[in-house]
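User: I have a model on screen and want to learn how to read its sheet and its helix packing. Where do I start?

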Amino acid sequence: MPSPRLTLALDEGLIAAPVLLIGPPADLDLSDLPGPVAAWQDRQPDHDDLAARAVEMREGIDGPAATAVVFVPRERAAARDRIARAARACPDLLIDGQKTDGIDALLKECRGKGEVGAVISKAHGKIFAFRPDLALWPVTEPRPGPEGWLTAATSFSADGVDPASRLLADSLPPLAGRAVDLGAGWGYLARRVLEAGPDVTGCDLVEADRGSLDCARVNVTDPRAAFHWADATRWQPEGRIDHVVTNPPFHRGRQGDPGLGRAFIAAAGAMLAPRGTLWLVANRHLPYEQALGAAFAQVEERGDSPSFKLFRATRPRRAR
C-alpha cells in the first residue's frame, strides 16, 4: 500500500539509503525507496509477510542505516522504546504515525528531546524528521510488575494482570489433556491453566507480539509449555486440541475491531477435537454470540460480571 507521507518525505529529500524500516505494515509500498532497504518487525504475521516479499528482516533494531523510519504503534511506551532503540542505530530518524495513534502528542514530546526538522501532515497523520539528543528516553527493558509478572513495553496489559484474564482464570475448572492459549501475551492464562491442571498434558502459547512471548518464556517455566511466535488466526497445531483458552484482542491500532475476536473463535473451532471446549472472556459490549453459534453447536454464558462475558463453547461444528 502506498504511503502518501513517505512519498512526500522522499520528495523532500528526507530519506537516504540505506534505509531501516522499524515496525512497517506488511503491505507498505517499498518500490520508490532508495535501496538497500531492511526492516524490523516484532509482530506476526507482518514479519513473515514482509520476508515473503524478499525484504531483509533484522532480528533487532540495529545495523547500518542512513535513515531509520519509525512507524508508531498504538502503545505510547512501545513508541518511545522504538524511537530510543532506533536512535542507537541511526542518528537521523523519521517518525510516522496516525493521529489516532497519538502522533501529535509524540511530536510535542520529541520537540523537548532533540531537534525536530520538517513536519509533513497528510492522510490523517504526520511524518517528521527527528535527531534526538542525550536526553532521549531510555530503552525500555522487560520489567516485573506489581505481582512479579515480567512484561514488555509492547505487551497488552503491561502494568499488571488484565481483569478479564483474571476472571477467566478464576472461573476455569482444572483442565485435562492438551490446551492452547490463543493470544497468550506474557503468559498469565497459560501459567494459571498449568498450575491448576495436573492432568494437562501440554499447553501451547500462541502470541503474535515477540516481546510479550519472550516474557512468557520467563513467566511460564513449566516443561509442559510450548511457545509459538505466530498469528493466532493462522497457527495450526499438530493434532486436535482438548481446550482453548483466550482473551482475544479487539483493537487494530486504536480502532476497535471485533473481527479479530471472531477470527480467534473460528480458529479455535477449527483446531478443537470433537469433544473439545473453548473458554473465552470478552468485554460485555463485544458481539461474539453469532460467531460462537456459527463455530459451536453448544454455547453457554457463565458468570455475572457487569463488565465481561464468560463463554464455554463445546461441540465444534467443523470437528463434527
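Analyst: We take the sheet, then the helices; note that this is a predicted model.

User: What is the order of the strands in the open sheet?

Analyst: Read across the sheet, not along the chain. Here seven strands run in the order 3-2-1-4-5-7-6, and the pairing is mixed.

User: Which strands are the edge strands?

Analyst: Look for strands that pair on one side only. These are strand 3 (56–57) and strand 6 (114–122).

User: In which sense do strand 1 and strand 4 pair?

Analyst: Parallel. Residues 19–22 of strand 1 and residues 67–71 of strand 4 are joined over four bridges. In one of them, Leu21 is partnered by Val69 of strand 4.

User: What does helix 1 touch on the sheet?

Analyst: Helix 1 (residues 4–11) touches strand 4, strand 5 (93–98), strand 6 and strand 7 (125–132). Its direction makes about 120 degrees with that of strand 6.

User: How do helix 3 and helix 4 pack?

Analyst: Check angle and distance. For helix 3 (residues 76–89) and helix 4 (residues 103–111), the angle is about 45 degrees and the axes lie 12 Å apart. An angle between 35 and 65 degrees is neither roughly parallel nor roughly perpendicular, so this pair is oblique. The crossing is right-handed.

User: Which residues make the contact?

Analyst: Helix 3 supplies Arg76, Ala79, Arg80 and Ile83. Helix 4 supplies Ala105, Leu106, Glu109 and Cys110. By class, this contact has five nonpolar residues, three charged and no polar.

Notes. Residues numbered from 1 in each chain as written. Predicted model: local features only at pLDDT ≥ 70, side-chain atom pairs only at ≥ 80, totals over all residues. Heavy atoms only, no water. Pairing = 2+ DSSP bridges. Helix = DSSP H or I, 4+ residues; strand = E, 2+ residues; numbered from the N terminus. Contact = heavy atoms within 4.5 Å. Axes fitted to C-alpha atoms, helices over the stretch in contact; angles between N-to-C directions. Parallel < 35°, antiparallel > 145°, perpendicular 65-115°, else oblique. Left-handed = near helix turned anticlockwise from the far one by under 90°. Nonpolar A, V, L, I, M, F, W, Y, C, P; charged D, E, K, R; others polar.
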